[in-house]
Structures are given as C-alpha cells and as structure tokens.
Amino acid sequence: MKRFLLKGILKDKGRSLLPVIVVSLGAMLTVFLYSWVKGVMGDSIEMSSNFDTGDVKVVTKAYSLQEGQYPNDLALLDVEQLLKKLKAEFPDMDWAPRIRFGALADFPDSLGETRAQGPVAGWAVDLLSKDSGEPERFNLPAAIVRGRMPEKRGEVLLAENLATRFDAGAGDTFTLFGTTMEGGFTFVNYTVSGTIRFGTTGLDRGAILMDLQDARAAFGMEDAAGEILGFLPVFHYDDRMAQEVVSRFDTLLESENSLLDQDPEYSPVMLTLGRQAGMAEMLVYAEAISGMLIFLFVLAMSIVLWNAGLLGGLRRYTEFGVRIALGEDKGHIYRSLLWEALMIGSIGSVVGTFVGVALVYIFHNIGFNFSALLQNASILMPGIVRPAITPAIYYIGFIPGVVSMLLGNALAGRGIYKRQTSRLFNELEV
Amino acid sequence: MKTSVLLFTLISFTGIFSLQAQESNEAATILEKVDKNLSAQNRIFESSMTIHGRRTSRTITSKSRTRGEKEALTEYLSPASEAGTKMLKLENQLWIYTPSADRTIQISGHMLRQSVMGSDLSYEDMMDDRKLTEVYSAEVIARDTLRGERVVLLQLTARSSDVAYPVQKMWIDAEKFVPLRQEMYARSGQLLKRVDLFDVRRIQNRWFPMRMVYRDMLKTGGGTEFTVTSIAFDTLIPEHIFSKASLR
C-alpha cells in the first residue's frame, strides 16, 4: 500500500505538488527563523563574551567581588605559569590575558600644557602578537574609523567620539595618568595610531585600546593580569560546556598547589559567562525570549499546515465517497490518508529543511549588517547579525511539516466514517 | 502666684538661652585655638606616607612647602618610581609634574576626589588647608575621654557648599586643643572618612600631631599612616617656589 501511495504522490502532481510546496515553505521558514532568533540572541551574548566576560574568566577571588571597579591591585600574579597550565589542560580553548583600567587621558597643547582631558575606560589586550585572536574578537580592522592598527609599543587606539571631543587624531600624542597596581602614580605618553567606533554608546564614549605589554609596563603589572578570558571552541556560548571547564579547572587547582596564592583571597577562580555580573539574567532572558518566539512561530506554522492538511482532506470527500461505494473499508481509506499525509509532510519537510539549512549557511557566512541602526544603542549589540547553526535546525522544520500535516489530515479524515453512500449519489446527481 | 510662675519661666528660658550661647561661644573659642595650633603662615615639612593596601604596604616620602592656605608645593622623594614627581597647588588649582612623561598635568573637577597614590586621602583632602573657623560653625555635643585624654566633642557644620565634608565630628584634646579624632560625613549622614591623630608634640609654641592615620570608610584596606618626620613653621620660602616653573 505504501509503495502504491508513494507512486501516486510522485506521479499525480496535481494532487501532491501544492501540499508539498506549502509544507516545504513552512519548514524552510521555521528553520530559518529559528536559526535567526538563536543567532541574534547568541551574537549578543557572543559580543559580551568577546568584549567583557569570555566564555569563562579566571580572576582572583577578591577581584571577582569588585569586578566592576577594575581593581588591578587585586590582579592575578604569575600569569605566565597559569597560562601554561590552562593551555596544557584545555588545548582546544583560546586564552587571553587582559587588563581593564580607568585612567585620565590628558592632551597637551603646543607648550605641553593641558589642552583637554577626560576619563577613559581602557582595555589592554594582546594587539601585537601575530597569532593573537584579540583584534578579531574586538572586530578591530572593521571598527577603525581613522588611522591604522597599532604596529609597535606605545601606540594605542582611541574611541572616535573621544578623539572628536578632544580634537585628536592619528599621530597625536597624549599622557595617560593612572594608578599602578601598587597604588602609585603612572604617567605614560602614548601615540594615537587610529580611532575606532564599535557602534555602541557605552563603548564609544571613552574607550581606549592598548597592547597588554604597554599596560603592564604602565601599571607595574609585569607577569600580572586583571583577568584571563577563555574562549570555547564553539561559535556560540555553551553553558554546559563552560561549566565542565570550570569543574576541570577546580580539580586542576586541587592538584596543583603552585597555582594557589598563600592568601586564598588572591587564588584564581574561574567563572562561567553565566555566573558573571548581569549575564545570568541575560542568558535566562535570551533563552526565554528565543524560546517564546520559536514556540509562537512553530505554533503559527503548525496551524497553517494543519489547516492545509484539513483542507486537503476535505477536498477529497467525493473521492472517499466513491471509494466507499466501491466497497473499500473506511479504516483502510483513513489509514491511507494518514500515510499520504506522512509522506507529503516528510517530503515537504526534507525539501524545506534542506533549503532552510542552505539559506542559514549562506547568511551565516554573509551576515546582515545593522551597524547603521545601532549607532546610538547603549547596550552591547553586534553590528552584524548572523543566523546560528545549531543541531536543532536539522529537525525543527519537521515539527510543523510532519506533525501538523498528519494532525490536519487525521482531523479531516474523521468525516470518512460519517460518509453515507446515498448522500454521495445525491452529490453526484446520479 | 501667677507672677512668680511667669518670672520662674522667664528666668528658666533666659538660663537655657544663655547656656546655649555660652556653649556656642566655647565651641568657637575651641575651634580658634585648634586653628592656632594647626594653621601657619608658612610651613616646611618632610613626611612619610605608608599606604596599607589589601595586598601590600608601601611608603612614600615627600617634602612639602606651604604658604598660607592657598599655595603649596610637594615633591616626592622616594620610592624611585615616584621620586621627582611634584604637586603644586595655587588657589583652587592643582598641577602634577612627572619627570617620566615630562608633562605637567592639571587635575580638576571630579578628579580631585580621587585617591592620591592609592592612599585614603583625596587630592581635595590634600588641597583644603583653610582654617576651620572660616569654613565651619561649631557646637559642643559632648565631653568625653579618648585614649586617656579629656576631650570635647564638637560637631562642625559647613557654612558654605564648597567643602568636601559638609559635617564633621571632632574629638579635641581639652588641654592642648588639637584634634585626636576626626570623622567626616556626607550631607546624607554617611561616614566618609575617619582620621586618628597621635603623638602630639610642642613645636614652636604650638601643639601639633605628628602622626595621623586616615581611613577611607568606603574603601577596603588597612588605612594610610601619615607621619611628619620634621616640620618648621613660619620660615621664609622663596617666591619662585610657588610657580609652575618650579615643577620642572
């Protein structure tokens, strides 16, 4: 029977083409929009990870309690040894030591007197090593508005808004006035190699980016770092994977006493992105919003495809009547209707999922550029959004495609049992 | 009967008012005596400041020259990383010069509230050298003993808004008229800083505390110990010292 039904579907295009197209479109839209919603939410979290939290972050216990104030007096020491251990234990991950700092940028006039000054929030990251992934994480080449990337020590990038406010540009020098790790004064002259714009007010208001070694020299932090960020070898943050890394790190600390400080307050701790300030709420929010959007969309598509199945079934009432009149068992007709629905739903879902997944891959590589719309945004949002590639995109389209089609036809097929031969003859005007 | 009650009430009120006036006069007199001990026309002193951070402690030595309330020059002598750094106060302006960057930087606005070298003192604390009687009105709120000394507890309320601490409590040695403890409050009543003053010595006909321990109550850390190693009052300081040219 199944082979006969399949042949019917494939050869009688008048009966199967439209339902297959409808199911394919539904499945394709479901796949793409699921991937889109996951992508937008995932990209926002990824941006926070790249700029601020990492997928995991190693800091001292004391630092973690005052993280928002960048307390570099509580920074990690013996960072090279710690990095070596981290790289050996987690070779798939990327580890990036960073220093965050607040300081005063002072721009001199021609006589060397203060012409303009203002507070800056700085990132010190590895900008100069050839194999560093940090410029890419900050999307630096694309974020440069004027000038170029730093090429040697003593060169820094300045937020374009800040540079405009101070009437500064590439090639200008300024003095950074801050506090060393021990609390002393630090005054260091830097040259602006270029200006950057990330597209979010929070970052563009007063950001400064310098090489890690420059910051270490300026703030008296040789072989020290405020934080070491760890990045998982996956495109979007995976909380379960991050938690596994943390528990392995805790085990490593138990076996390697050399990594612990004499004062437990200054021993390293590893935090997942989800355990850092504000991020747990963001993860829950992102999950809830994406879950709700996906549920609503799948529900809407299911209703559309259910309706298509229902209409398809109803359209064939005359055919069912004739088949009953010819002596075919009602149960057999109902079962064949369901098998047909299952086959059409499966064919449509396979085609729709294939096209949807192909579109996801294409737009994942290209990305949608929304930078212009985000110029005044005050939260961390990515300028380029990409649909996410997750295992779910390979099966999510089958939920509305197969299940709804089957349900619609099952509902419509109930009429088969109420069909009367006499009424059929009346309908056929025999 | 009525007349005697009225007379008694009048006498009582007059007594209370005169007692209040007396206490207010006493507070003002005490504050004047404190000013006499602490303020000077000119002052040259060397000091060491030990900052007890959460992780380490470090000591910075410096030499300061002040003229009146509005001019001061401090040169840091050690450690080597700070040696040669100078801070100049002229009126309400503050400049810092550092030989490492060979730049003179003006500190202004909210930056003045920042900590000096990670200590419990802000630039504002270091700059404000005005006489207490010029800035605050005082009242006696208690009499007590502190570290075995008889003290008068004064509450100081700022007369103008251009002060770092609108309210202060000051435990003043009742014999030497030197504060032994100060507590500085925000307008909201939050305790911002506490200073304990020790080792009160007789120097050039005045009493002066040679060691002070500052605690910024909003910071974690062991406080900042400020010790005056030598001090001379009312000595001649050349005019050129209090100019920007002396920074370099």
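This passage looks at the overall form of chain A, its nonpolar cores and its contact with chain B. The model is predicted, so local features need pLDDT of at least 70 and side-chain atom pairs count only at pLDDT 80 or more, while totals for chains, interfaces and linings use all residues. Residues are numbered from 1 along each chain as its sequence is written, with chains lettered from A and ligands numbered from 1 in the order in which they are written.

Chain A doesn't match a compact globule: 430 residues packed that way would give a radius of gyration near 22 Å, but chain A has 31 Å (taken over C-alpha atoms; the globule rule is 2.2 Å times the number of residues to the power 0.38). Its C-alpha atoms fill a box of roughly 110 × 55 × 30 Å along the principal axes. Some 42% of the residues of chain A count as buried, meaning that 20 or more other C-beta atoms, placed from the backbone, lie within 10 Å of their own.

As for the inside, the largest nonpolar core has 109 residues (a core is a set of buried Ala, Val, Leu, Ile, Met, Phe, Trp, Tyr and Cys residues joined through C-beta atoms within 7 Å). Ile208(A), Leu209(A), Ala215(A) and Ile228(A) have the most contacts inside this core. Leaving aside neighbours within four places in sequence, Ile228(A) touches residues including Val58(A), Leu76(A) and Trp95(A), where contact means C-beta atoms, placed from the backbone, within 7 Å. A second, separate core of 14 residues includes Leu31(B) and Trp171(B).

Between the chains, 19 residues of chain B are in contact with 20 residues of chain A.

Terms used. Two residues are in contact if their C-beta atoms, placed from the backbone, lie within 7 Å. A residue is buried if 20 or more other C-beta atoms lie within 10 Å of its own, exposed if 12 or fewer, and partly exposed in between; C-beta atoms are placed from the backbone.
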